[in-house]
Amino acid sequence: MTDGPTGSTVPRRQLGRHLRELRNRARLTVRTAADKLEWSETKLWRIETGQTSLRSLDVEAMCRVYGAPPDVTEALMALAKETKARGWWHAYGDVIRDSLDLYIGLEEAASQLSWYTSELVPGLLQTPDYARTLIRAHYPHASEEDIERLVQVRIARQSLLTRGTAGPTVKVAFNEAVLRRAVGGEEVMAGQLERLIAATNQPNVSLRVVPFETGFHDGLLSGPFVMMRFPTTGDGREIEPPTVYVDGFTGALYLDKPEEIERYDMAFNAIWTSARNEARSMSFLHEAAREFKT
């Protein structure tokens with residue numbers, strides 16, 4: 001396991017986006033800017049994608065190279081101080097990878113989470129036994145202590161579903177295969193399905209199932225993903241642009257270009273419409289849970 005970056009995700013992403021815009025306005029490539037700053041291209045890329053916190057002095061140096069006016073430099077140096085804020089998950093920085101650190105921060109800040117999942121139950125709805133099975137398979141060389149710490153992180157994330165204020169609205173569309181595959185064995189899967197049934201009692205959680213009989217649907221093209229939307233300010237702007245997270249076998253993608261968001265938004269709406277409604281999906285969950293118990 002490797003140490004993750006520190007700092008608050010949203011300020012890091014905001015700062016990185018502003019610095020990237022300044023570099024582009026200065027007509028500097030990543031390589032040219034990195035050379036002028038005497039940094040590696042990797043370091044500059046990590047800064048611009050919000051994967052690391054920054055010192056005010058580093059921001060000042062970047063603004064100087066990019067020719068930013070004094071008021072902009074001052075504002076970005078102040079924002080850099082906010083990137084040092086630490087979330088609860090940084091106590092587990094010895095076991096979580098960088099992409100997960102970034103994701104958890106965005107998940108915590110989101111006001112809406114819209115999932116399509118084709119193979120596995122999302123982490124926010126997993127039982128400890130189900131999570132443990134997946135984590136052990138994903139990290140075959142990890143110690144039992146590290147595995148248990150990763151399970152703790154996954155379960156701790158779930159508190160955002162029941163937090164008293166500003167809890168996100170969560171919509172999850174499951175491919176039927178998710179509910180039929182006995183991850184961890186029949187007993188573990190029965191408990192996992194009961195967990196999903198219980199989750200639907202929360203007013204901010206909606207689950208739907210896309211049965212095999214639906215045939216072709218947009219999820220077969222998109223693959224699994226989660227779209228995150230964020231709270232709005234007084235003038236109606238989101239504090240962060242909508243972001244689609246795609247978790248791959250060897251890494252994660254964060255997509256936030258308007259055309260990407262529009263395409264995934266259309267895909268999720270089509271998947272959600274093709275799924276069974278909440279009442280019929282609940283019946284499906286109960287039926288699947290009974291089959292694993294017999």
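A residue counts as exposed here when its relative accessible area is over 50%, as buried when that area is under 20%, and as partly exposed in between. Keep those cut-offs in mind as you move around this predicted model.

**The whole chain**

Start with everything shown as a cartoon. You should find 13 helices and 6 strands. The radius of gyration is 21 Å, close to the 19 Å that the globule rule gives for 294 residues, so the chain is as compact as a globular protein of that length. Turn the C-alpha trace onto its principal axes, and the spans are about 70 × 40 × 35 Å.

Now switch on the surface. About 14,500 Å² is exposed, with carbon and sulfur atoms supplying 52% of that area. Of the 294 residues, 48% are buried. If you draw contacts between residues at least 6 apart in sequence, 73% of them join residues at least 24 apart. Colouring by charge brings up 36 positive and 40 negative charges, whose mean positions are 2 Å apart.

**Residues 19-73**

Next, select residues 19-73. An unreviewed UniProt entry lists this stretch as "domain: HTH cro/C1-type". Over the selection the chain is 69% helix and 0% strand. Put a distance label between the C-alpha atoms at its two ends and the viewer should read 10 Å.

**Two loop residues: R27 and E38**

Stay with the loops for a moment and pick R27, which sits between α1 (9-25) and α2 (30-37). Is R27 buried or exposed? Its relative accessible area is 76%, and because that is over the 50% cut-off, R27 is exposed. Check the backbone too: R27 is not a glycine, yet its phi is positive, at about 60 degrees.

Step on to E38, in the loop that links α2 to α3 (41-48). Here again a residue that is not a glycine has a positive phi, about 60 degrees. E38 has a relative accessible area of 74%, so by the over-50% cut-off it is exposed.

**V72 in helix α5**

Move along to helix α5, residues 70-82, and highlight V72. With a relative accessible area of 28%, V72 falls between the two cut-offs and is therefore partly exposed. For a sense of scale, add F268 to the selection: V72 and F268 are 196 residues apart along the chain, and their C-alpha atoms are separated by 38 Å.

**Y103 in helix α6**

Now go to helix α6, residues 98-109, and centre on Y103. How large is the relative accessible area of Y103? The value is 3%, so Y103 is buried under the 20% cut-off. Show its surroundings as sticks: leaving aside residues up to four places away in sequence, Y103 touches W115, R157, V226, M228, Y245 and Y254. You can also label the distance from Y103 to A156, which lies 53 residues away along the chain; their C-alpha atoms are separated by 14 Å.

**Helix α7 and its cover**

For the last stop, select helix α7, residues 128-138. Which residues of this helix are buried? Look for Y130, A131, R132, L134 and I135. To see part of what covers them, bring in α8 (144-157) and α10 (186-199), both included in that cover.

Note on methods. Residues are numbered from 1 along each chain as its sequence is written. This is a predicted model: local features need pLDDT of at least 70, side-chain atom pairs count only at pLDDT 80 or more; totals for chains, interfaces and linings use all residues. Side-chain values use heavy atoms; hydrogens and water are left out. UniProt positions are given in the numbering used here, feature names are shortened, and annotations may be inferred rather than shown by experiment. Helices (H or I, at least four residues) and strands (E, at least two) are DSSP runs, numbered from the N terminus. The radius of gyration is taken over C-alpha atoms; the globule rule is 2.2 Å times the number of residues to the power 0.38. Buried means under 20% relative accessible area, exposed over 50%, partly exposed in between (1.4 Å probe, protein chains only). Contact means heavy atoms within 4.5 Å. Accessible areas come from the Shrake-Rupley method with a 1.4 Å probe; for residues, only the protein chains shown count as cover. Lys and Arg count as positive and Asp and Glu as negative; His and the chain ends are not counted. The place of a charge is taken as NZ of Lys, CZ of Arg, CG of Asp or CD of Glu.
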